[in-house]
Amino acid sequence: MTRLSFLLRREWLSLIFGGVLVMLLLSALLGKQGPRDLVALQSHRAALEKRRDQLAADNAAFRTRIAKLHSDDRYIERLIRRELGYARPDELVYKFADEDERETPSR
(Lines give C-alpha, C1' and ligand atoms only; values in the text may rest on other atoms or scores of the structure.)
Protein backbone atom coordinates (compact mmCIF):
# COMPACT_ATOMS: atom_id res chain seq x y z
CA MET A 1 0.00 0.00 0.00
CA THR A 2 2.81 2.40 0.79
CA ARG A 3 4.43 1.69 -2.54
CA LEU A 4 1.14 2.47 -4.36
CA SER A 5 0.66 5.73 -2.49
CA PHE A 6 4.28 6.69 -3.18
CA LEU A 7 3.76 5.94 -6.88
CA LEU A 8 0.54 7.95 -6.94
CA ARG A 9 2.23 10.94 -5.28
CA ARG A 10 5.10 10.80 -7.70
CA GLU A 11 3.13 10.15 -10.95
CA TRP A 12 -0.24 11.83 -10.32
CA LEU A 13 0.22 14.39 -13.08
CA SER A 14 1.08 11.70 -15.64
CA LEU A 15 -1.94 9.61 -14.58
CA ILE A 16 -4.29 12.58 -14.96
CA PHE A 17 -2.78 13.42 -18.33
CA GLY A 18 -3.11 9.77 -19.43
CA GLY A 19 -6.74 9.65 -18.28
CA VAL A 20 -7.57 12.85 -20.17
CA LEU A 21 -5.83 11.48 -23.25
CA VAL A 22 -7.82 8.22 -23.08
CA MET A 23 -11.08 10.19 -22.71
CA LEU A 24 -10.21 12.36 -25.71
CA LEU A 25 -9.41 9.30 -27.80
CA LEU A 26 -12.67 7.61 -26.84
CA SER A 27 -14.59 10.78 -27.57
CA ALA A 28 -12.93 11.14 -30.99
CA LEU A 29 -13.56 7.55 -31.99
CA LEU A 30 -17.01 7.01 -30.54
CA GLY A 31 -18.33 10.56 -30.32
CA LYS A 32 -20.89 12.40 -32.37
CA GLN A 33 -18.48 13.47 -35.12
CA GLY A 34 -16.31 10.38 -35.24
CA PRO A 35 -15.39 7.99 -38.04
CA ARG A 36 -18.72 6.17 -37.81
CA ASP A 37 -20.62 9.36 -38.64
CA LEU A 38 -18.12 10.21 -41.36
CA VAL A 39 -18.86 6.94 -43.15
CA ALA A 40 -22.61 7.51 -42.79
CA LEU A 41 -22.28 11.04 -44.17
CA GLN A 42 -20.20 9.83 -47.11
CA SER A 43 -22.80 7.23 -48.07
CA HIS A 44 -25.57 9.81 -47.69
CA ARG A 45 -23.60 12.21 -49.91
CA ALA A 46 -23.17 9.50 -52.57
CA ALA A 47 -26.92 8.83 -52.53
CA LEU A 48 -27.66 12.55 -52.85
CA GLU A 49 -25.23 12.91 -55.76
CA LYS A 50 -26.85 9.97 -57.52
CA ARG A 51 -30.29 11.54 -57.00
CA ARG A 52 -28.98 14.89 -58.28
CA ASP A 53 -27.61 13.27 -61.44
CA GLN A 54 -30.90 11.45 -62.02
CA LEU A 55 -32.88 14.67 -61.59
CA ALA A 56 -30.52 16.49 -63.99
CA ALA A 57 -31.06 13.76 -66.60
CA ASP A 58 -34.84 13.94 -66.09
CA ASN A 59 -34.68 17.72 -66.41
CA ALA A 60 -32.76 17.46 -69.69
CA ALA A 61 -35.33 14.97 -71.03
CA PHE A 62 -38.17 17.31 -70.07
CA ARG A 63 -36.45 20.25 -71.77
CA THR A 64 -36.08 18.19 -74.94
CA ARG A 65 -39.73 17.18 -74.79
CA ILE A 66 -40.81 20.81 -74.28
CA ALA A 67 -38.71 21.91 -77.25
CA LYS A 68 -40.33 19.20 -79.39
CA LEU A 69 -43.81 20.25 -78.24
CA HIS A 70 -43.08 23.82 -79.31
CA SER A 71 -41.59 23.02 -82.71
CA ASP A 72 -42.21 19.43 -83.92
CA ASP A 73 -45.68 18.88 -85.41
CA ARG A 74 -45.04 15.19 -86.11
CA TYR A 75 -44.19 14.62 -82.44
CA ILE A 76 -47.39 16.36 -81.36
CA GLU A 77 -49.41 14.25 -83.79
CA ARG A 78 -47.80 11.05 -82.48
CA LEU A 79 -48.65 12.06 -78.91
CA ILE A 80 -52.25 12.86 -79.77
CA ARG A 81 -52.70 9.54 -81.56
CA ARG A 82 -51.09 7.49 -78.78
CA GLU A 83 -52.52 9.20 -75.71
CA LEU A 84 -55.92 10.32 -76.95
CA GLY A 85 -56.57 7.60 -79.52
CA TYR A 86 -57.29 10.02 -82.37
CA ALA A 87 -57.20 8.93 -86.01
CA ARG A 88 -57.55 10.67 -89.34
CA PRO A 89 -60.96 10.41 -91.05
CA ASP A 90 -59.71 7.94 -93.69
CA GLU A 91 -57.87 5.62 -91.26
CA LEU A 92 -59.08 2.37 -89.76
CA VAL A 93 -58.09 1.75 -86.12
CA TYR A 94 -57.62 -1.77 -84.77
CA LYS A 95 -57.83 -2.30 -81.02
CA PHE A 96 -56.53 -5.49 -79.43
CA ALA A 97 -57.39 -6.78 -75.97
CA ASP A 98 -54.62 -6.72 -73.38
CA GLU A 99 -53.07 -9.94 -72.10
CA ASP A 100 -54.69 -9.42 -68.67
CA GLU A 101 -58.16 -9.09 -70.17
CA ARG A 102 -57.78 -12.30 -72.19
CA GLU A 103 -56.76 -14.40 -69.20
CA THR A 104 -59.63 -13.18 -66.99
CA PRO A 105 -62.94 -14.87 -67.95
CA SER A 106 -65.82 -12.43 -68.29
CA ARG A 107 -69.09 -13.10 -66.49
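**Exercise 1. Charge distribution**

Determine how many positive and negative side chains the protein chain has in this predicted model, and where a patch of positive charge lies on the surface.

*Solution.*
Step 1. The protein chain carries 20 positive and 16 negative side chains. The centres of these two sets are 13 Å apart.
Step 2. On the surface, a patch of positive charge is formed by Lys68, Arg74, Arg78 and Arg82.
Step 3. Helix H3 (residues 73-84) supplies the largest share of this positive patch, 3 residues.
Step 4. Arg82 is located in helix H3. Its relative accessibility is 61%, and the cut-off for exposed is over 50%; Arg82 therefore counts as exposed.

**Exercise 2. Overall form**

Establish which secondary structure elements the protein chain contains and how its radius of gyration relates to that of a compact globule.

*Solution.*
Step 1. The chain has 4 helices and 0 strands, in the sequence order α-α-α-α.
Step 2. For 107 residues, a compact globule would have a radius of gyration near 13 Å, whereas the protein chain has 36 Å.
Step 3. The C-alpha trace spans about 115 × 50 × 10 Å along its principal axes.
Step 4. Of the 107 residues, 3% count as buried. The accessible surface comes to about 10800 Å², and 61% of that belongs to carbon and sulfur atoms.
Step 5. A nonpolar patch on the surface consists of Phe17, Leu21, Val22, Met23, Leu25, Leu26, Leu29 and Leu30, with about 830 Å² of accessible area together. Leu25, one of these residues, lies in helix H1 (residues 2-30).

**Exercise 3. Salt bridges**

Count the salt bridges, and state which helices hold Arg45, Glu49, Glu83 and Arg65.

*Solution.*
Step 1. Side chains of opposite charge can pair when their charged atoms come close. With a cut-off of 4 Å between nitrogen and carboxyl oxygen, the count is 6 salt bridges.
Step 2. Arg45 and Glu49 form a salt bridge at 3.0 Å, N to O. Both belong to helix H2 (residues 35-71), 4 residues apart, about one turn of the helix. Arg45 is exposed at 56% relative accessibility, while Glu49 is partly exposed at 31%.
Step 3. Glu83 pairs with Arg65 in a salt bridge, their closest N and O atoms being 3.8 Å apart. This pair links distant parts of the chain, with Glu83 in helix H3 and Arg65 in helix H2, 18 residues apart.

**Exercise 4. A network**

Identify which residues are joined with Glu77 and Arg81 into one network of salt bridges.

*Solution.*
Step 1. Arg81 forms a salt bridge with Glu77, with 3.1 Å between the closest N and O atoms.
Step 2. Arg81 and Glu77 are 4 residues apart in helix H3, so about one helical turn separates them.
Step 3. Through salt bridges that share partners, Glu77, Arg81, Arg88 and Glu91 are joined into one network.

How values were computed: Residues numbered from 1 in each chain as written. Predicted model: local features only at pLDDT ≥ 70, side-chain atom pairs only at ≥ 80, totals over all residues. Heavy atoms only, no water. Helix = DSSP H or I, 4+ residues; strand = E, 2+ residues; numbered from the N terminus. Rg over C-alpha atoms; globule rule 2.2 N^0.38 Å. Buried < 20%, exposed > 50% of the residue type's maximum accessible area, 1.4 Å probe, protein only. Areas by Shrake-Rupley, 256 points an atom, 1.4 Å probe, with all protein chains shown as cover. Lys, Arg positive; Asp, Glu negative; His and termini not counted. Charge placed at Lys NZ, Arg CZ, Asp CG, Glu CD. Patch = residues over 30% accessible without salt bridge, like charges linked within 9 Å, V, L, I, M, F, W, Y side chains within 5 Å.
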